[in-house]
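Biologist: Could you walk me through this one? I'd like to begin with the ligand and then move outwards.

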Amino acid sequence: MSVHKEFKKVTTHSLQEMKSRGEKISMLTAYDYTMAKIIDNSGVDVILVGDSASNVMAGHQTTLPITLDQMIYHASSVIRAIDRALVVVDLPFGSYQGNSKEALQSAVKIMKESGAHAVKMEGGREIKDSIERILTAGIPVMGHLGLTPQSIYKFGTYNVRAKEEEEADRLLQDAKLLQDYGCFALVLEKIPAHLATKVAQSVAIPVIGIGAGGGVDGQVLVTHDMLGMTHEFNPRFLRRYLNLYDSMGNAFKQYIADVKSKNFPSEKEQY
Ligand code: KIV
């Protein structure tokens, strides 16, 4: 007997249709099978295997240290869990900025070895050649402008970007260029809401924001942040839907107390 799934898989084209009909796009990060399964079953549209794995999973201060092979490990774990969502994987720092040939090799390796559906790259006009070359291989590319964490040592801080007119103008131009190069969507991170709204209205491709206000076509959050697992990170844009740091801490404390007091395992919990 064949099983007919009732959902339609999300594609780059569905995201474009969602923008056209004014339906907001939901996107969350995942780096492992179990989390990705829960997120996909919840009906999220896009799962981002972000290089934020460098911070969240590996405890690094920045996203710079994560390698291509580590991104592939995370992405293939996520892909094994997915029935519906579009899975986008970050090209990590150093895997695409050098030259377009290297960029294509990195993107092909991710697609071949993880089974992901698209890649994301940080930057505008300066990575034109890399974007265009990856697109010639039929690999969909999502852009990322505003606060681009791979450039943290250039920026010096994680503060809001593009508050000044010159940077805002450049960002708007870059968004239009990314659309012209052929990107299927764009992430805008931590920029003023009025600028993000203007970008979303100026390009036809979907614009997904994080700390970019409600005037864009969709929202993305880092899952561990919105679940309240990373309790020391408190930017204004972050809405916490749970306080898992405390809930999990309490569960661990209870378990330890049960072991120490010989309350666990009980007779029913043994063979
Ligand atoms: O790496 C990541 O998680 C990201 C999001 C913050 C957009 O790029």
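**Around the ligand**

Modeller: A polar side-chain atom of Lys-120 is placed 2.9 Å from an oxygen atom of the ligand. The protein covers 95% of the 260 Å² of accessible area that the ligand has on its own. Please keep in mind that this is a predicted model.

Biologist: Which residues is the ligand surrounded by?

Modeller: The surrounding residues are Thr-29, Leu-48, Gly-50, Asp-51, Ser-52, Asp-90, Lys-120, His-144, Glu-189, Ile-210 and Val-222. Ser-52 has a polar side-chain atom 2.5 Å from an oxygen atom of the ligand, and for Asp-90 an N or O atom in the side chain is 3.1 Å from an oxygen atom of the ligand.

Biologist: Staying with Ser-52, is it buried or exposed?

Modeller: Ser-52 has a relative accessible area of 14%, and because the cut-off for buried is under 20%, Ser-52 counts as buried. Ser-52 sits in the loop between β2 and α3.

Biologist: And what is Ser-52 in contact with, leaving aside its neighbours within four places in sequence?

Modeller: With those neighbours left aside, Ser-52 is in contact with Thr-29, Tyr-31, Met-57, Thr-63 and Val-222. Thr-29 and Val-222 are also among the residues that surround the ligand.

Biologist: Moving along the chain, where is Pro-65 found?

Modeller: Pro-65 belongs to the loop between α3 and α4, and with a relative accessible area of 37% it is partly exposed. Apart from neighbours within four places in sequence, Pro-65 is in contact with Ser-54, His-60 and Gln-70. The C-alpha atoms of Pro-65 and Gly-94 are 9.4 Å apart in space, with their positions 29 residues apart in sequence.

Biologist: Then there's α4 itself; how many of its 12 residues are buried?

Modeller: Nine of the 12 residues of α4 are buried, so this helix is largely enclosed by the rest of the structure. The buried residues are Leu-68, Met-71, Ile-72, His-74, Ala-75, Ser-76, Ser-77, Val-78 and Ile-79. The helix, residues 68-79, reaches 16 Å from its first C-alpha to its last, close to the 16 Å expected at 1.5 Å a residue.

Biologist: What covers those buried residues of α4?

Modeller: The cover includes the helices α2 (33-42), α3 (53-56) and α5 (100-114), together with the strands β2 (46-49) and β3 (86-90).

Biologist: Changing topic, which strand holds Leu-145?

Modeller: Leu-145 is in strand β5, residues 141-146, and at 5% relative accessibility it counts as buried. Leaving aside neighbours within four places in sequence, its contacts include Leu-171, Asp-174, Ala-175 and Leu-178, and these four are among the buried residues of α8.

Biologist: What else do the buried residues of α8 pack against?

Modeller: Besides β5, the buried residues of α8 pack against α6 (128-136), β6 (185-189) and α9 (193-202). As for its length, the 17 residues of α8 (165-181) should span 24 Å at 1.5 Å a residue, and the end C-alpha atoms are 24 Å apart, which agrees. Gly-182 follows α8 and has a positive phi, near 120 degrees.

Biologist: Last one: what does the domain assignment give for the protein chain?

Modeller: The assignment gives domain 1 (12-240) and domain 2 (244-271), and the centres of domain 1 and domain 2, taken over C-alpha atoms, are separated by 39 Å.

Methods:
Residues numbered from 1 in each chain as written. Predicted model: local features only at pLDDT ≥ 70, side-chain atom pairs only at ≥ 80, totals over all residues. Heavy atoms only, no water. Helix = DSSP H or I, 4+ residues; strand = E, 2+ residues; numbered from the N terminus. Expected span 1.5 Å × (residues − 1). Buried < 20%, exposed > 50% of the residue type's maximum accessible area, 1.4 Å probe, protein only. Contact = heavy atoms within 4.5 Å. Near = heavy atom within 4 Å. Polar contact = N/O pair within 3.5 Å; in protein donor to acceptor, adjacent residues only side chain to side chain. Areas by Shrake-Rupley, 256 points an atom, 1.4 Å probe, with all protein chains shown as cover. Domains from an automatic or database assignment.
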